[in-house]
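Biologist: I'm new to this, so please pick one spot in this model and take me through it slowly. Start with a single residue and work outwards from there.

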Amino acid sequence: MTTHLHVASAGPSSTIQDRGRVGYQRYGVSVAGAADPLLHAAANALVGNRPDEGAVEFTLAGDSIVVEGGPVRIAVAADVGLTVDGDAVPAWTSLRLTDGQTLRIGALRSGMRGYWAVEGGFALQPVLGSVATHIRSRMGGLDGTALKTGDRLPLQLDQAADQGERRLDPSLLPARGERLRVMLGPQQDYFTQAGIEAFLEEDYTVSHEADRMGCRLDGPAIEHARGFNITSDGIPLGAVQVPGTGRPIVLLADRQTTGGYPKIACVVGPDVAALAQMRPGERLRFTAVDAAEAGRIQARHRETIGGLPALLQSAGGFALYDSGRLLGFNLIGGAVTGWD
């Protein structure tokens with residue numbers, strides 16, 4: 001039979017994500033994809049998947065899943081507590097689970113989003129080349145919605161490879177701070193010099209109006225110079241729109257494809273993920289960089305994702321072994337008689 005993962009209890013907003021539907025924004029199709037591509041890739045690396053394989057992104061708290069078939073290999077990339085059948089197990093470590101075992105992912109201790117991946121990925125039909133879930137358009141994932149209690153996720157592999165487990169030390173990943181790097185434009189001429197200075201020199205706070213589509217910030221109003229309406233144009237990841245209120249909105253993975261508010265700046269890709277991990281009330285500040293520096297930042301980010309497999313270490317005693325596997329090992333190799 002096909003191996004499945006049964007969702008015994010779904011988190012508040014868990015969706016299947018990959019790199020997103022790249023190349024279709026011109027047709028009005030939102031990109032979607034992982035809000036934090038680095039952690040998404042880390043979860044995949046731990047189970048031997050390619051970086052953009054579909055994985056589950058959970059928000060604030062994770063899911064409880066029961067293995068049906070298997071064995072399967074799962075890893076969770078997040079600052080979170082985990083249990084298997086009630087026993088504590090580590091995050092950032094691949095886990096080999098057998099039929100009937102239950103993995104419970106608790107509440108995040110830090111950050112807004114975490115990821116769990118399964119070896120081989122999910123057996124889902126891509127939509128426009130992607131399994132990413134975009135809830136507003138009910139596209140991708142499992143029926144175009146967030147995971148629900150009772151869902152059954154089909155897997156590509158019926159059995160996980162019989163190999164050692166791996167772990168990743170999250171302290172090896174690039175540190176993230178409260179400063180978000182931006183490139184000014186494309187409509188910075190729609191703002192006064194005082195407005196631009198406020199944007200770059202004052203602190204802002206993540207508001208409660210934040211989701212996968214965008215994040216509205218509280219802080220000093222940004223003064224417009226030429227009104228707050230433009231002819232609608234494309235919305236890139238990290239675009240900072242400023243509506244008539246003067247409160248900036250940073251557009252994230254599930255953003256709309258076009259918009260009619262002027263954009264004072266665009267957050268550099270890796271720092272969009274840092275913002276997506278900030279909770280309401282956290283403070284941040286913007287720092288301007290030029291195109292060359294933004295390109296270098298993005299290149300280093302790609303190198304970091306590509307280098308994740310090289311950071312993996314043997315999990316040692318963290319691996320979960322069922323009795324069948326233990327009986328299959330030569331645990332007494334090299335034994336001698338008492339006469340030797």
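**Starting from one arginine**

Modeller: Arg285 is partly exposed, with a relative accessible area of 23%. Before we go on, keep in mind that this is a predicted model. So what does the side chain of Arg285 meet in a salt bridge? The partner is the side chain of Asp203, and the N to O distance is 2.8 Å. That fits the 4 Å limit for calling a contact a salt bridge. Now look at where the two residues sit along the chain. Asp203 is in the loop between α2 (193-201) and β14 (204-210), while Arg285 belongs to strand β21 (residues 283-288). They are 82 residues apart, so this pair links distant parts of the chain. Asp203 has a relative accessible area of 27%, so it counts as partly exposed too. Buried would mean under 20%, and exposed would mean over 50%.

Moving along the chain, we come to helix α4 (residues 291-306). Here Glu293 and Arg296 join their side chains in a salt bridge at 2.9 Å, N to O. Why are these two about one helical turn from each other? It's because they are three residues apart in α4. Glu293 also meets the side chain of Arg300 in a salt bridge, this time at 3.6 Å, N to O. How open are these residues? Glu293 is partly exposed at 23% relative accessible area, Arg296 is partly exposed at 43%, and Arg300 is partly exposed at 42%. Partner-sharing turns up elsewhere as well: Glu57, Arg113, Arg212 and Asp254 are joined into one network by salt bridges that share partners. Searching the whole structure gives 22 salt bridges.

Now let's leave the side chains and turn to a sheet. Strands of a sheet pair through backbone hydrogen bonds, either parallel or antiparallel. Which of the two do we have here? The pairing is antiparallel, in an open sheet of six strands that runs β7-β6-β9-β4-β1-β11. At the edges you'll find β7 (87-89) and β11 (152-154), which each pair on one side only. From one strand to the next, the twist averages 30 degrees. Zoom in on β4 (residues 64-68) and β9 (residues 102-108), and you'll see them paired in the antiparallel sense over three bridges. If you want a place to rest your eye there, find Ser64, which stands opposite Arg104 in β9.

Note on methods: Residues are numbered from 1 along each chain as its sequence is written. This is a predicted model: local features need pLDDT of at least 70, side-chain atom pairs count only at pLDDT 80 or more; totals for chains, interfaces and linings use all residues. Side-chain values use heavy atoms; hydrogens and water are left out. Helices (H or I, at least four residues) and strands (E, at least two) are DSSP runs, numbered from the N terminus. Buried means under 20% relative accessible area, exposed over 50%, partly exposed in between (1.4 Å probe, protein chains only). Two strands pair if DSSP finds at least two bridges between them. Axes are lines fitted to C-alpha atoms, for helices over the stretch in contact, and angles run from 0 to 180 degrees between N-to-C directions.
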